[in-house]
Amino acid sequence: MMNDPIDAIFDRIRQHGILPVIEIDSLEQALPLAETFLNAGLPLLEITLRTPVALQSIQAIARARPQILLGAGTVLDRPQAEQAAEAGAQFLVSPGLPEDALHWAQQRRLPFLPGAVTPNEILHGIRLGCRYFKFFPAGVMGGLAAIRAMSDPYPGVGFIPTGGINSDNLSEYLRDERILAVGGSWLAKRQAIAGGQFEHIRTGIVQALQAVRAIRHGRR
Ligand code: 3PG
């Protein structure tokens, strides 16, 4: 299924190893932030639909920087899925499994990453056609130990743990082949974006990508 468009997008996320979760408060910061990720070597962003300028930010980045793989996060229902796709989101992420949004995305062949943290939630998602899940909030739901303990009955399923991931614990997660990527806001905190601390953000991205490469190439 190499040329399946959904697999291709999840494959790109796997290659990057990190899915940055972005909460953006000012449209003016959208392009400088996108540029920072692009220059640092991580052309992948999930903009959460939790702020008033989220959709406008997605639209601005999609138009100006089409080389960035751009997703929308915190998708809670079908109208939000439609608005995000309309704005230019290429994949959708949710903390849970809103079936109306998932079905709509599946009809559009738009990748959808639902949240799941229990065996039953994973099974429910699999039965609805999902193979990849956001394990959220990873830290408080048992982290990698929980993912390992739950996922044996579900071969082929991959996870993007999110919530409580940072530069100290990302390596631990990424060593497990069930982990597609780690997600989180630690690379570009809301306050750092608002304060225009793009050089600080860029340095953190470069360091995080070095950690990913070291693990993926077995140099540790
Ligand atoms: C999300 O929306 O995915 C989470 O809020 C990110 O969690 P974090 O801020 O702990 O990385």
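This is a dialogue about reading salt bridges and a ligand site in a predicted model.

Trainee: How many salt bridges does a search of the whole structure find, and what counts as one?

Mentor: The general idea is a side-chain nitrogen of Lys or Arg within 4 Å of a carboxyl oxygen of Asp or Glu. In this predicted model, a search of the whole structure finds 11 salt bridges. One of them joins Arg131 to Asp7, whose closest N and O atoms are 3.4 Å apart. Those two residues link distant parts of the chain, since Arg131 is in the loop between α6 (119-127) and β6 (132-135), while Asp7 belongs to helix α1 (residues 5-16), 124 residues apart.

Trainee: Are Arg131 and Asp7 buried or exposed, or something in between?

Mentor: Here the idea is to read the relative accessible area, where buried means under 20% and exposed means over 50%, with partly exposed in between. Asp7 has a value of 19% and is therefore buried, whereas Arg131, at 41%, is partly exposed.

Trainee: Where do the partners lie in the salt bridge between Arg202 and Glu199?

Mentor: For any pair, look up the element that holds each partner. Arg202 and Glu199 both lie in helix α10 (residues 198-216), three residues apart, which is about one turn of the helix. Their side chains meet with an N to O distance of 3.1 Å, and both residues are partly exposed, Arg202 with a relative accessible area of 31% and Glu199 with one of 48%.

Trainee: Which residues are linked in a network of salt bridges?

Mentor: The network links Glu23, Asp25, Arg50 and Arg190. Within this group, Glu23 forms a salt bridge with Arg50, and their closest N and O atoms are 3.3 Å apart. Glu23 lies in the loop between β1 (18-22) and α2 (30-40) and Arg50 in the loop between β2 (44-48) and α3 (54-64), so the pair ties together parts that are 27 residues apart in sequence.

Trainee: Which residues surround the ligand?

Mentor: To read a site like this, begin with the surrounding residues and then turn to the individual atom pairs. Arg50 appears again among the residues around the ligand, together with others including Val21, Lys134, Phe136 and Gly164. The side chain of Arg50 has an N or O atom 3.0 Å from a ligand oxygen, a polar side-chain atom of Lys134 lies 2.5 Å from an oxygen atom of the ligand, and Gly164 contributes a backbone N or O atom at 2.9 Å from a ligand oxygen. Taken alone the ligand exposes 320 Å², of which the protein buries 80%.

Trainee: In which pocket does the ligand sit?

Mentor: The ligand sits in the second largest pocket.

Notes:
Residues are numbered from 1 along each chain as its sequence is written. This is a predicted model: local features need pLDDT of at least 70, side-chain atom pairs count only at pLDDT 80 or more; totals for chains, interfaces and linings use all residues. Side-chain values use heavy atoms; hydrogens and water are left out. Helices (H or I, at least four residues) and strands (E, at least two) are DSSP runs, numbered from the N terminus. Buried means under 20% relative accessible area, exposed over 50%, partly exposed in between (1.4 Å probe, protein chains only). A residue is near a molecule or strand if one of its heavy atoms lies within 4 Å of it. A polar contact is a pair of N or O atoms within 3.5 Å; within protein, one must be able to donate a hydrogen and the other to accept it, and residues adjacent in sequence count only if both atoms are side-chain atoms. Accessible areas come from the Shrake-Rupley method with a 1.4 Å probe; for residues, only the protein chains shown count as cover. On a 1 Å grid over the protein atoms alone, a cavity is a set of points where a 1.4 Å probe fits but cannot get out, and a pocket is an open set with protein on both sides within 12 Å along at least five of seven lines; lining residues have an atom within 4 Å of a point. A molecule sits in a cavity or pocket if more than half of its atoms lie within 2 Å of its grid points.
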